[in-house]
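Hello,

Here is the structure I promised to pass on to you. Have a look at it first, and then read my notes underneath.

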Protein chains: 2
Amino acid sequence: MNYSFANRVNTLQPSVIREILKYSSVPGMISFAAGNPAPEAFPADEIAAISAKIYAERPIDALQYSVTEGYNPLREAIRERYSFLFGENDQVIITSGAQQVMELTTKSLCNEGDVIICEAPTFIGSLNAFRSYNTKLVGIPMENDGMDLNALEDALKNNANVRFIYCIPNFQNPSGIVTSLEKRIGIYALAKKYDVMILEDNPYGDTRWEGEEIPSIKSMDTDCRVIYAGTFSKVVSPGMRVGYGIAPAPVIAKMTVCKQVSDVHTGIYNQMIVHQFMTGDTYDAHLAHIKEVYRKKSSLMTSLIDIELAPRISYIKPSGGLFIWCTLPEQIDMLSFCKEAVNRKVAVVPGSAFLVNESDPCSCIRLNFSTPTDEQIEQGMKVLGELLSEY
Amino acid sequence: MNYSFANRVNTLQPSVIREILKYSSVPGMISFAAGNPAPEAFPADEIAAISAKIYAERPIDALQYSVTEGYNPLREAIRERYSFLFGENDQVIITSGAQQVMELTTKSLCNEGDVIICEAPTFIGSLNAFRSYNTKLVGIPMENDGMDLNALEDALKNNANVRFIYCIPNFQNPSGIVTSLEKRIGIYALAKKYDVMILEDNPYGDTRWEGEEIPSIKSMDTDCRVIYAGTFSKVVSPGMRVGYGIAPAPVIAKMTVCKQVSDVHTGIYNQMIVHQFMTGDTYDAHLAHIKEVYRKKSSLMTSLIDIELAPRISYIKPSGGLFIWCTLPEQIDMLSFCKEAVNRKVAVVPGSAFLVNESDPCSCIRLNFSTPTDEQIEQGMKVLGELLSEY
């Protein structure tokens with residue numbers, strides 16, 4: 001038979017990154033394209049021990065159906081650890097990764113054609129979640145300290161039916177930019193002025209290895225307009241698929257109903273593991289360990305960029321997150337550079353993948369330093385250096 | 001601030017069953033309202049052993065990101081075990097429970113206002129998934145051997161934009177009805193005649209403890225119009241959230257993109273556990289064991305219905321599944337019976353919860369025999385018998 005699909009998904013494509021990642025399995029390919037935590041960052045022994053304990057003591061609890069809102073002890077542990085994110089009327093829902101917060105938020109809040117304002121560039125997984133409900137996306141150019149607030153206000157003024165502003169204030173994916181306190185306050189003030197919500201996505205906040213933490217927008221949320229997305233993917237395990245949303249009670253209630261029809265609940269064993277680990281004695285030491293892993297890897301990659309690619313290629317030095325965002329010289333065609341890099345067995349992500357409109361001009365590429373080994377970083381940067389020198 | 005929600009979810013309510021289940025935690029409440037597997041049906045020791053092996057041998061694989069389509073060895077094991085379900089052009093996607101197949105199918109195929117034809121009554125989780133995309137639902141009355149095919153053809157004739165027929169041919173939830181081979185052939189023929197798809201949901205097929213298996217509609221699918229939903233929730237563990245969809249390649253491709261923006265992938269550890277267990281030496285013995293558990297529990301409950309409730313209450317004797325569907329005498333108000341049962345600390349589900357239109361007349365209740373202990377079944381049936389005698 002001939003298949004026809006819903007309008008909302010007709011033009012939806014698999015993520016460009018996932019397509020590029022297919023190259024990763026080509027023998028000899030060095031991938032700077034993924035966003036996977038480093039293998040040495042996983043608390044594998046701790047999780048194995050917790051797992052054995054759970055199966056020994058409470059196997060049925062770990063295997064039986066559970067409630068949609070999430071495992072209560074985990075919800076309470078999140079509320080305790082991140083109490084500064086909770087307003088009086090806020091609640092928390094456990095999700096199957098932070099990605100599900102984006103989907104549940106969009107499904108709950110947006111009719112087709114409604115507008116979502118996002119940073120440009122931004123995380124492709126969120127863009128595709130928004131697109132999958134036929135929303136209209138408006139991208140706001142990023143400055144070194146976050147969104148251009150004038151452009152943001154123009155977008156709020158000129159678009160009817162804006163439902164929310166999507167932002168990743170810490171170590172933004174892909175740009176690595178940290179939004180300044182001043183701009184966080186400014187974004188919140190504009191959301192208030194135009195009465196729209198904010199979806200604040202913070203997958204990398206707990207990876208900061210340098211500098212002072214900047215208060216999250218959610219922590220300033222005096223009138224309950226911020227939905228916050230958190231995750232254990234970067235600090236415990238992405239394969240577990242445990243994330244969470246914090247939002248005003250009526251929004252959490254609607255997200256809960258949407259989650260109930262999607263996957264009923266997040267794997268309960270997975271939630272129990274995360275709960276035990278994050279409330280255990282070793283969690284803070286583990287966080288310190290992964291920060292050190294990422295600091296070292298990031299530092300190795302940036303020092304090699306300085307040797308092999310700078311000053312023709314410029315970049316923002318990260319103090320958290322998993323990515324380095326590099327700007328190529330204007331005369332180089334970015335897409336052809338990426339293709340040629342893959343030909344030489346180094347996979348990078350073309351920056352255009354992160355734009356609202358992929359055909360907009362873009363001279364950036366995203367490099368990931370967490371997945372490759374140190375040897376692969378050294379070898380891959382050499383290849384990129386040689387490639388650059390040929391332009 | 002004031003919150004407004006998307007039209008699609010504005011009228012969506014939490015499942016009635018979940019609301020009733022809240023009573024289950026009231027001390028002394030006997031719940032016949034759930035759909036949980038019996039605790040003694042869980043292969044807890046086997047899973048604990050497999051888990052230890054996975055963490056000992058391949059911890060990083062179990063913790064790292066994986067692919068959206070699902071863990072390949074599990075996909076292949078499903079293809080092997082259920083080869084009779086696969087046409088030449090069919091593929092399999094691993095989902096976070098079978099519930100996600102319903103959601104991904106609806107999201108991929110249905111524009112708002114499109115029509116889904118379903119059995120009446122049918123599974124409330126699916127109804128709510130369909131409703132959450134603002135589809136129009138048309139219910140087809142059930143006869144003892146499946147949908148009324150004349151009513152089905154009328155519905156196909158009289159509704160524009162029917163996208164698919166949803167059915168649960170084995171031990172239907174809630175009615176317990178098994179659709180006959182003749183009707184399965186008839187449903188497929190009608191789907192072909194009116195060129196619509198079929199969503200065949202089979203959560204209970206592997207629990208059959210008596211009688212001959214009847215070929216699934218998917219196994220007759222010569223022109224690739226059936227989407228099949230399977231799950232390990234009833235035979236391994238619901239808390240793991242591992243299900244699967246089998247469908248023509250273009251449909252699986254679209255569902256994969258939708259899943260990518262929803263939860264990226266199903267927990268990889270969970271998939272590895274299910275794969276190891278379902279391909280292990282003990283799986284068939286385990287299936288035989290749970291069939292015996294359910295046969296005994298079902299038989300205990302039906303024998304007590306015969307003593308305490310029959311012949312005023314009639315029911316269909318199950319040979320699989322988890323539920324018994326009971327019809328009350330006409331002069332009894334079904335909802336008041338359910339409320340009074342809860343007052344006496346026995347929770348049952350009012351049959352109207354499973355209707356397309358909950359306010360349609362209904363004199364049925366659903367009893368679950370898998371969750372309560374034998375003692376609870378005995379005690380609870382006595383309470384229901386006393387209650388009935390007062391009417």
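Below is what I found, starting with how the chains sit together and ending with a pair of helices.

Please keep in mind that this is a predicted model.

How the two copies are related: a turn of 180° with a shift of 0.0 Å along the axis lays chain B on chain A, and the RMSD is 0.0 Å. The two copies are thus related as by a two-fold rotation axis. If you want to find that axis on screen, look for A52(B): among the residues of chain B, A52(B) comes closest to the axis, with its C-alpha at 3.5 Å.

How they meet: 79 residues of chain B are in contact with 79 residues of chain A. Between them the chains bury about 6,500 Å², and 56% of this is on carbon and sulfur atoms. On the chain B side, the residues losing the most area to chain A are M1(B), L63(B) and Y65(B), which together make up 11% of what that side buries. Of the interface residues of chain B, 100% are also interface residues in chain A, so the copies meet through the same surface.

A helix pair in chain A: the axes of α13(A), residues 334-343, and α14(A), residues 374-389, come within 10 Å and cross at roughly 130°. The two helices are therefore oblique to each other, and their crossing is right-handed. From α13(A), F337(A), E340(A) and A341(A) meet L384(A), L387(A) and L388(A) of α14(A). The residues of this contact comprise five nonpolar, one charged and no polar.

Best wishes

Key. Residues numbered from 1 in each chain as written. Chains lettered and ligands numbered in written order. Predicted model: local features only at pLDDT ≥ 70, side-chain atom pairs only at ≥ 80, totals over all residues. Heavy atoms only, no water. Least-squares fit on C-alpha atoms with pLDDT ≥ 70 in both. Contact = heavy atoms within 4.5 Å. Axes fitted to C-alpha atoms, helices over the stretch in contact; angles between N-to-C directions. Helix = DSSP H or I, 4+ residues; strand = E, 2+ residues; numbered from the N terminus. Parallel < 35°, antiparallel > 145°, perpendicular 65-115°, else oblique. Left-handed = near helix turned anticlockwise from the far one by under 90°. Nonpolar A, V, L, I, M, F, W, Y, C, P; charged D, E, K, R; others polar. Buried area = accessible area lost by both parts, 1.4 Å probe.
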